[in-house]
Amino acid sequence: MREITIAVVQFQPTLNEPDENIRRMSDFINKICTEQPVDLVVFPGADHHRP
């Protein structure tokens, strides 16, 4: 079994702004993936869906 690298991001989502939250999540993913090799990026508890 191979090892995997997981990045966990905790951020404060903006209520009722799913497009902004997804944009911010994308920014985090781009920053993480350019700084280090990762297999999975997790956003625990992030509210990025529409109300």
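Which residues form one aromatic cluster here? They're Phe11, Phe28 and Phe43. I'll come back to those three, but let me set the scene.

Okay, so what you're looking at is a predicted model. The mean pLDDT for the protein is 88, and 88% of the residues score at least 70. If you go element by element, strand S1, residues 6-8, has the highest confidence, at 96. Helix H1, residues 18-35, has the lowest, and that's still a mean of 94.

The layout is easy to follow. We've got 1 helix and 2 strands, and walking along the sequence you read β-α-β. The protein has 51 residues, and 20% of them are buried. The accessible surface is about 4100 Å², with carbon and sulfur atoms accounting for 54% of that. And look at how the chain contacts itself: take the contacts between residues at least 6 apart in sequence, and 63% of those join residues at least 24 apart.

Right, the inside. Nonpolar side chains tend to be buried together in soluble globular proteins. Here, the largest nonpolar core has 7 residues. From the front of the chain you have Ala7, Val9 and Phe11, then Met25 and Ile32, and then Val38 and Phe43. Ile32 is a good one to click on. Skip its neighbours within four places in sequence, and Ile32 is in contact with Ala7, Val9, Val38 and Val41. Three of those partners, Ala7, Val9 and Val38, are core members along with Ile32.

Back to the aromatics, then. The count is 3 aromatic pairs. For Phe11 and Phe43, the ring centres sit 5.9 Å apart and the planes are at 85°, so that pair is edge-to-face. What does this pair link? Distant parts of the chain: Phe11 is in the loop between S1 and H1, while Phe43 is in the segment after strand S2, which runs 40-42, and that puts them 32 residues apart. Both of these phenylalanines are buried, and both belong to that 7-residue core. Phe28 joins the two of them in the aromatic cluster.

Now a residue that goes the other way. Val8 is in strand S1. Is Val8 buried or exposed? It's exposed: the relative accessible area of Val8 is 57%, and the cut-off for exposed is over 50%. Val8 does have partners further along the chain, though. Leaving out residues up to four places away in sequence, Val8 touches Val42 and Pro44. And if you go C-alpha to C-alpha, Val8 and Leu40 are 8.5 Å apart in space, with their positions 32 residues apart in sequence.

While we're on the loop between S1 and H1, have a look at Asn16, which lies there. Asn16 has a positive phi, about 60°, and it isn't a glycine. Its relative accessibility is 49%, so Asn16 counts as partly exposed.

Last topic, charges. Side chains of opposite charge can pair when their charged atoms come close. In this structure there are 4 salt bridges, and I'll show you three of them.

Start with Asp39 and Arg2, where the closest N and O atoms are 3.6 Å apart. This pair links distant parts of the chain too: Asp39 comes from the loop between H1 and S2, Arg2 from the segment before S1, and they're 37 residues apart. Arg2 is exposed, at 61% relative accessibility, while Asp39 is partly exposed at 43%.

The other two are on the helix. Glu20 pairs with Arg23, with 2.7 Å between the closest N and O atoms. Why are Glu20 and Arg23 separated by about one helical turn? Because they're 3 residues apart in helix H1. Then Arg23 also meets Asp27 in a salt bridge, at 2.5 Å, N to O. Those two are 4 residues apart in H1, again about one turn of the helix. Put that together and Glu20, Arg23 and Asp27 make a network of salt bridges. On accessibility, Glu20 is at 30%, Arg23 at 40% and Asp27 at 39%, so each counts as partly exposed.

So, to recap: a β-α-β pattern, a 7-residue nonpolar core, the Phe11, Phe28 and Phe43 cluster, and a salt-bridge network through Glu20, Arg23 and Asp27. Thanks, everyone.

How values were computed:
Residues numbered from 1 in each chain as written. Predicted model: local features only at pLDDT ≥ 70, side-chain atom pairs only at ≥ 80, totals over all residues. Heavy atoms only, no water. pLDDT = per-residue confidence, 0-100. Core = buried A, V, L, I, M, F, W, Y, C linked by side-chain atoms within 4.5 Å. Buried < 20%, exposed > 50% of the residue type's maximum accessible area, 1.4 Å probe, protein only. Contact = heavy atoms within 4.5 Å. Phe/Tyr/Trp six-rings, centres within 6.5 Å; stacked < 30°, edge-to-face > 60°. Areas by Shrake-Rupley, 256 points an atom, 1.4 Å probe, with all protein chains shown as cover. Salt bridge = Lys/Arg side-chain N within 4 Å of Asp/Glu carboxyl O.
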